[in-house]
Amino acid sequence: ATYEGTVEDMTFRATKIRTAENSILNIPNSELVNQVIINCTQMQKRRYRTILTVELDTPLEKLEIVKQRISDMLKNDANVEVDSIIVRFDQVSLNGMDVLISTYVDIVDYKEFLKLKEELNYKVMSILLEEKVELAYDTKTINIKNKPAFNIDINVIDKFYKNDGLSDVYFKVTNDKRDIAL
């Protein structure tokens, strides 16, 4: 089992850990003996890491500009460990081009780290907006191999999300002057 929280008390038999949900776990020490324990109070820095997936039709020259601007932005942040900055075109994924952004920051307090992470994310998004680079989203392309004898114009009308997280996509098929909903 995996436990995460703050150690509140250690006795001969058990260790008491307060979780992020503010509940108390009493774990027998015999169970902890064979576990890997990460002591976050000994942390000297935290890693900021994110992956941006930009649209496949983004020109590579524009991608290079975005990467350089993000790198420069990170270099100018006082909390960023400059020698650790990585901004790379990592891979081509199903929906776009993945750009890896990774660096270490000198803030170890979790709340302060989340605040810095949010600030960096806003700055990255501003760079994308200024450079008019769009993030990719999950799309599907439908290719009709055998062209029918009549013209079909397929347009996505609307997308509805159900409670289970799945979605239906409704198409409008135009056949001469009649509309058919699929």
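Is Arg69 buried, partly exposed or exposed? At 28% relative accessibility, Arg69 counts as partly exposed. I begin with this residue since it leads into the salt bridges of a predicted model, and I shall return to it after a general view of the chain.

Let me start with the overall layout. The chain has 182 residues, of which 24% count as buried. It contains three helices and nine strands. Reading from the N terminus, the order of the elements is β-β-β-α-β-α-β-β-α-β-β-β.

I turn next to the interior. In general, nonpolar side chains of soluble globular proteins tend to be buried together. In this model, the largest nonpolar core has 23 residues. Which of them touch the most other members? They are Leu52, Ile70, Met73, Leu74, Val87, Ile101 and Val124. Four elements each supply at least two residues of this core: strand 4 (46-55), helix 2 (60-75), strand 6 (96-105) and helix 3 (110-130). Helix 3 makes the greatest contribution to the core, with six residues.

Nonpolar side chains are also found at the surface. Leu56, Leu60, Phe89 and Val92 form a nonpolar patch there, and together they have about 370 Å² of accessible area. Val92 belongs to strand 5, which covers residues 86-92. With a relative accessible area of 55%, Val92 is exposed, because the cut-off for that class is over 50%.

A word on aromatic residues. How many aromatic pairs does a search of the whole structure find? The search finds zero. A ring does, however, take part in another kind of contact: the charged end of Lys45 sits over the ring of Tyr104, at 4.8 Å from the ring centre.

I come now to the salt bridges, of which the structure holds seven. Three of them deserve individual description.

The first joins Glu64 and Lys67, with the closest N and O atoms 3.0 Å apart. Why are these two residues separated by about one helical turn? The reason is that they are three residues apart in helix 2. The two partners differ in exposure: Glu64 counts as partly exposed at 45% relative accessibility, whereas Lys67, at 12%, counts as buried.

The second brings us back to Arg69. Its side chain meets that of Glu130 in a salt bridge, 2.4 Å from N to O. This pair links distant parts of the chain, as Arg69 lies in helix 2 and Glu130 in helix 3, 61 residues apart.

The third salt bridge is formed by Asp77 and Lys123, whose closest N and O atoms are 3.8 Å apart. Here too the pair links distant parts of the chain: Asp77 is in the loop between helix 2 and strand 5, Lys123 is in helix 3, and 46 residues separate them. Asp77 counts as buried, at 9% relative accessibility, and Lys123 as partly exposed, at 37%. Beyond individual pairs, salt bridges that share partners join Lys62, Arg69, Glu130 and Glu131 into one network.

My last topic is the backbone in the loops. As a general matter, most residues other than glycine have a negative phi. Asn22 has a positive phi of about 75 degrees although it is not a glycine. Where is Asn22 placed? Asn22 is in the loop between strand 2 (14-18) and strand 3 (24-28), and with 52% relative accessibility it counts as exposed.

Lys132 is another residue other than glycine with a positive phi, in this case near 55 degrees. Lys132 lies in the loop between helix 3 and strand 7 (153-161), and it is exposed, having a relative accessible area of 70%.

Ser23 also lies in the loop between strand 2 and strand 3. At 33% relative accessibility, Ser23 counts as partly exposed. From C-alpha to C-alpha, Ser23 is 9.3 Å from Gly5 in space, while the two are 18 residues apart in sequence.

To conclude, I would draw attention to helix 3. It gives six residues to the largest nonpolar core, it holds Glu130, the partner of Arg69 in helix 2, and it holds Lys123, the partner of Asp77 in the loop between helix 2 and strand 5.

Notes:
Residues are numbered from 1 along each chain as its sequence is written. This is a predicted model: local features need pLDDT of at least 70, side-chain atom pairs count only at pLDDT 80 or more; totals for chains, interfaces and linings use all residues. Side-chain values use heavy atoms; hydrogens and water are left out. Patches are made of residues with over 30% relative accessible area and no salt bridge: like charges are joined within 9 Å, nonpolar side chains (Val, Leu, Ile, Met, Phe, Trp, Tyr) within 5 Å. Accessible areas come from the Shrake-Rupley method with a 1.4 Å probe; for residues, only the protein chains shown count as cover. A salt bridge is a side-chain nitrogen of Lys or Arg within 4 Å of a carboxyl oxygen of Asp or Glu. Buried means under 20% relative accessible area, exposed over 50%, partly exposed in between (1.4 Å probe, protein chains only). Rings of Phe, Tyr and Trp (its six-membered ring) pair if their centres lie within 6.5 Å; planes under 30 degrees apart count as stacked, over 60 as edge-to-face and the rest as tilted. A charge sits over a ring if NZ of Lys or CZ of Arg is within 6 Å of the ring centre and within 35 degrees of the ring normal. A nonpolar core is a set of buried Ala, Val, Leu, Ile, Met, Phe, Trp, Tyr and Cys residues joined through side-chain atoms within 4.5 Å.
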